[in-house]
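Visitor: I would like to learn how to read strand pairing and surface charge in a model. Could you walk me through it?

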Amino acid sequence: MNYLPFQLSALALSFFSAAVIAVENTNPDELPDEIIVVTAQGQQSPWIGSAASSFRKSFERQPLQTDAASLLQHIPGIQADSRANYAQDSRLSARGFGSRSSFGIRGIRLLQDGIPLSSPDGQGQFSSVLLDQLASVEVLTGPLAVLYGNAAGGVVALQSRWPTENSASVQLSHSQFARQQLLSAAMVKGKHASSLSLKNAELQSQRAHSDAKKQQAQWLWQSAFENELTLQLRYDWSYDPLLQDPLGLTAQEWQEDPRQTAANALTFDTRKFTKQQQWSINLSQQFADQSWRVAAWFGQRDVGQYLGFDGSAPTSAGGVVDLSRPYQGLDASYSWQFDKVRLSVGGALEQSTDERRGYVNNQGAQGDLRRNEEGEVQSADLYSRFVWDLDPAWQLSGGVRHSDLDFDVTDFYITAQNPDDSGSTAFARTSAALALNFAQSEHVSWYISAGRGFETPTFTEMAYQSSGEGLNLGLKESTNQQWELGNKWQQGNWRSSLAVFLVESENELVVDQSSGGRTSYRNASETKRTGVELSTLWFASASWQHQWTLTQLNARFTQGALDGKLLPGVAKQQAQWQISWMPLQSSEWMLQFDTLYRGKIATSDQNLLFAPSATVYHLKLVTETALSNLQLRYWLGVDNLTDKNYVGAVVVNQANGRAFEPALPRSVSLGLNLSF
């Protein structure tokens with residue numbers, strides 16, 4: 001399938017509007033008095049002076065990764081669930097945003113090096129990201145996240161590991177569920193640097209019909225020129241030739257045998273393949289009191305999927321999905337530093353096109369055509385953000401963003417039994433946020449913030465009506481108002497943050513009907529989410545480090561037939577404790593023990609069934625040695641140390657009741673990294 005030509009049609013890169021906490025796994029004697037915050041605009045300020053619920057996690061000494069959910073543990077407000085099913089992406093929600101997604105990630109803005117991983121309508125996934133070459137992740141929740149526009153209930157921004165020295169490395173990892181190999185090489189010459197990484201993975205879960213094969217490649221180029229001009233180029237390629245899908249289980253099936261595979265998975269040979277490639281460019285320049293940045297990208301994602309039903313009904317979309325999605329974007333921003341004010345303005349244009357066909361699934365073979373349509377979504381955004389230092393103790397910050405989105409679907413499969421599903425709709429919304437920070441002392445600060453954002457329905461959600469023909473043009477965008485009060489404290493070897501928040505949403509999107517291969521959606525009346533998030537880091541000594549995170553979230557519908565019901569897919573409580581030990585006389589060793597607790601989760605809007613709560617333990621041992629120019633790193637990991645039988649993730653509002661996705665049993669992995 002050919003790519004659409006890339007067209008220079010707009011302005012603007014969405015900037016990382018809020019500061020993020022920079023917490024590293026390091027000796028406390030090496031910590032600065034103030035943790036420096038880095039934004040995508042290149043601005044820096046102390047973490048304690050930022051009015052945002054934000055967190056930064058660095059990836060050092062990490063084993064090879066297969067699931068993005070494992071990288072996002074220990075981040076307050078984030079629920080990262082592993083499906084142990086590689087035909088579906090990691091399940092991610094932020095303060096309840098994105099919880100209704102039955103596949104992929106919605107309601108959360110995903111970025112990598114400032115380039116969106118989310119499409120304009122709010123759909124996104126981590127499956128194409130080379131997780132092993134990430135340097136860090138920055139997560140933003142709360143009112144300031146709405147400044148990223150549509151479907152920005154939270155922001156997850158990934159930063160790649162850009163080359164800094166000549167090197168070559170080989171990584172190998174093996175367990176009963178995963179075999180992986182990663183080759184990397186980097187070359188640095190003067191102000192120019194490039195790297196190439198190649199990865200191969202063969203995966204499976206404990207269930208039959210769950211094999212997966214993944215191949216990935218990444219090329220990075222970075223050049224620094226005179227006058228602080230920087231150019232970054234990257235090419236990302238991923239190919240998943242086989243992703244078998246064992247499907248979810250009913251509660252009874254899970255209790256009887258969590259290792260079994262759903263019968264429909266074998267009958268219809270449920271599986272998936274994906275292929276994606278993308279080019280992107282970042283160009284930026286920093287002056288004494290001004291800076292600018294321009295980014296552009298284009299790519300294509302192809303998906304073929306065999307579902308667990310035949311989809312032969314005349315009005316069905318089919319049981320075989322054939323999707324091709326070319327996409328492109330061009331963004332830019334400009335920033336000024338005045339006496340006491342930092343101001344940024346910019347805009348963004350994005351476009352993606354879904355060329356979608358559906359066929360009958362004849363027990364694992366492609367049958368007759370049931371769907372043939374093209375859907376295009378375009379978004380145009382303008383934004384502005386400011387930070388105003390009122391005096392040494394008080395700081396005011398905020399911003400505004402206006403978004404226009406146009407959806408257009410052309411249906412090419414029209415028969416006497418299958419109506420014309422063509423149609424178009426548009427949304428125009430302005431998001432805004434304001435925050436005030438008070439530095440009580442050099443060790444303690446307080447902040448209060450408020451914001452208003454929105455989330456449009458995706459192409460998937462507006463595809464069908466519960467009755468009638470054509471697009472579900474009656475769907476409205478969901479709007480939300482957020483308030484937050486926070487405290488940050490840092491002194492000696494302690495770092496701590498506390499946030500109390502309230503989120504009120506209108507027109508929340510929920511499943512209306514699911515029948516004959518068609519799932520329709522509707523707007524619920526209102527939802528309310530109240531919660532508390534606590535994160536604490538303690539360097540007890542040069543050898544011991546403790547990290548605690550606690551999230552209490554009460555997310556409920558507040559009107560209509562669902563009044564009082566919990567939002568499905570959302571745990572009311574999460575608690576995590578990580579202990580790291582690095583012996584004084586042997587800094588090459590690190591032993592890490594994780595305790596993860598997640599409360600029970602409703603599987604549907606009606607709250608008729610819950611996945612039970614679970615506490616899971618993980619253990620990791622890493623050691624490093626050096627032989628001349630050769631660095632060797634070994635690791636031993638034991639996940640699910642007690643072999644706990646628990647539900648890794650749920651499929652929300654599953655019509656056939658197969659809502660439980662079993663987590664992996666105890667798994668032992670061994671790994672080796674050789675770096676030259």
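Guide: Gladly! Keep in mind that this is a predicted model. Let us begin with a single pair of residues: in β12, Glu 138 has Ala 157 as its bridge partner.

Visitor: Which strands does that bridge belong to, and how do they run?

Guide: Strand β12 covers residues 154–160 and is joined to β11 by seven bridges, with the two running antiparallel. Strand β11 also pairs with β4 (residues 53–58), again antiparallel, through six bridges. There, Ser 58 stands opposite Ser 136 of β11.

Visitor: Is β11 mostly covered or mostly open?

Guide: Mostly covered: of the eight residues in β11 (residues 134–141), seven are buried. As a general idea, side chains in a regular strand alternate between the two faces of the sheet.

Visitor: What joins β30 to β31?

Guide: A hairpin of four residues links them. Strands β30 (residues 526–539) and β31 (residues 544–557) are antiparallel and share 13 bridges, and Arg 529 faces Ala 555 in β31. Strand β31 pairs with β32 (residues 573–581) as well, in the antiparallel sense over nine bridges. In that pairing, Leu 550 is opposite Ala 575 of β32.

Visitor: Now the charges. Which residues form the negative surface patch?

Guide: Glu 374, Asp 404, Asp 406 and Asp 408 form it. Strand β23 (residues 394–411) supplies the largest share, three residues.

Visitor: Why can Asp 408 count towards a surface patch?

Guide: A patch residue needs over 30% relative accessible area and no salt bridge. Asp 408, which lies in β23, meets the area condition because its relative accessible area is 37%, making it partly exposed.

Key
Residues numbered from 1 in each chain as written. Predicted model: local features only at pLDDT ≥ 70, side-chain atom pairs only at ≥ 80, totals over all residues. Heavy atoms only, no water. Patch = residues over 30% accessible without salt bridge, like charges linked within 9 Å, V, L, I, M, F, W, Y side chains within 5 Å. Areas by Shrake-Rupley, 256 points an atom, 1.4 Å probe, with all protein chains shown as cover. Salt bridge = Lys/Arg side-chain N within 4 Å of Asp/Glu carboxyl O. Lys, Arg positive; Asp, Glu negative; His and termini not counted. Charge placed at Lys NZ, Arg CZ, Asp CG, Glu CD. Buried < 20%, exposed > 50% of the residue type's maximum accessible area, 1.4 Å probe, protein only. Pairing = 2+ DSSP bridges.
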